[in-house]
Amino acid sequence: MPIAHILSAFPKRSLITLFLLTALQSRALTLGRIQGAALIGRPLAVSIGVQFDPAQSLTSSCFEADVFHGDAKQDPSLVKVRLEPAASGQGSVLRVSSDTPVNEPIVTVYLRAGCALMISRRYVMLADIVSEQAVPVPRAAAVPLVEPGLS
């Protein structure tokens, strides 16, 4: 049965009320940009800004992440997802980490978010090579020695 035929059976006022109630009851969930870098030879540690309706109660269990180094999916038991309040007090931050060192130039994170209604997003990063150059150590300032009794 076509949807137009089903909708025509309802009075227009009822349809408008139904759409308004649906819109008011929907809950917004927004996933922001990925922050952090994938570094070859180091475990992955990135964060993603999350905004959601204050009436929602989301926990870390409402988020799942799959991490790929190139085409190789990382062991899910080594991928951790943790939801924390944002330092600014606005929204939350989702921390995604993997214990396995990055060994490919392309890292992909597939993120699924939400408990009742799931949304997903894919983040692709180009891994950087860690620079092994030592950071120069600041030299201590020369302090004149004063011998006791000499002025």
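The exercises below, each with a worked solution, concern a predicted model of one protein.

**Exercise 1. Elements and confidence**

Task: State how many helices and strands the protein has and in what order they run, then find which element has the lowest mean pLDDT.

Solution:
- Begin with the count: the protein has 2 helices and 10 strands.
- Then take the order. Read from the N terminus, the elements run α-α-β-β-β-β-β-β-β-β-β-β.
- Next comes confidence. The average pLDDT of the protein is 79, and 68% of the residues score at least 70.
- Among the elements, helix α2 (residues 12–25) has the lowest mean pLDDT, 46, while β5 has the highest, 97.
- The stretch of residues 17–26 has a pLDDT below 50, and beyond near neighbours in sequence it makes 0 contacts in the model.
- Where pLDDT is low, the predicted coordinates should not be read in detail.

**Exercise 2. The order of a sheet**

Task: Work out the strand order of the open sheet of 4 strands, and say which strands stand at its edges.

Solution:
- Start with strand β4 (residues 63–69). With strand β8 (residues 106–113), β4 forms an antiparallel pair over 7 bridges. Within this pair, V67 lies opposite V109 of β8.
- Move on to β9 (residues 119–126), which runs antiparallel to β8 and is joined to β8 by 8 bridges. V109 also stands opposite Y123 in β9.
- Look at the connection: β8 and β9 make a hairpin with 5 residues between them, and G114 in the turn has a positive phi of about 110 degrees.
- Go to the other side of β4. There, 2 bridges link β4 to β5 in the antiparallel sense, and F68 has K73 of β5 as its bridge partner.
- Put the pairs together: the order is β5-β4-β8-β9, with antiparallel pairing.
- The edges are β5 (72–73) and β9. Each has a single partner strand, so one side of each is left without a neighbour in the sheet.

**Exercise 3. The disulfide**

Task: Find which residues the disulfide joins, and say where they lie in the chain.

Solution:
- A search of the whole structure gives 1 disulfide.
- Its partners are C62 and C115, with an S to S distance of 1.5 Å.
- C62 lies in the loop between β3 (43–52) and β4, and C115 in the loop between β8 and β9; the two are 53 residues apart, so the pair links distant parts of the chain.
- For the handedness, take the torsion about the S-S bond of C62 and C115: about -85 degrees, so the disulfide is left-handed.
- C62 has a relative accessibility of 3%, and therefore counts as buried, the cut-off being under 20%.

**Exercise 4. Surroundings of V50**

Task: Decide whether V50 is buried or exposed, and list the residues that V50 touches.

Solution:
- Place the residue: V50 belongs to strand β3.
- Check its cover. V50 has a relative accessible area of 0%, so V50 is buried. For the whole protein, 26% of the 151 residues count as buried.
- List the contacts. Leaving aside residues up to four places away in sequence, V50 touches L29, T30, L31, F63, L83, G91, S92 and L94.
- Compare positions in sequence and in space: V50 and A113 are 63 residues apart along the chain, and their C-alpha atoms are separated by 9.5 Å.
- Widen the view to the protein: of contacts between residues at least 6 apart in sequence, 56% join residues at least 24 apart.

Conventions: Residues numbered from 1 in each chain as written. Predicted model: local features only at pLDDT ≥ 70, side-chain atom pairs only at ≥ 80, totals over all residues. Heavy atoms only, no water. Buried < 20%, exposed > 50% of the residue type's maximum accessible area, 1.4 Å probe, protein only. Contact = heavy atoms within 4.5 Å. Pairing = 2+ DSSP bridges. Disulfide = S-S within 2.5 Å. pLDDT = per-residue confidence, 0-100.
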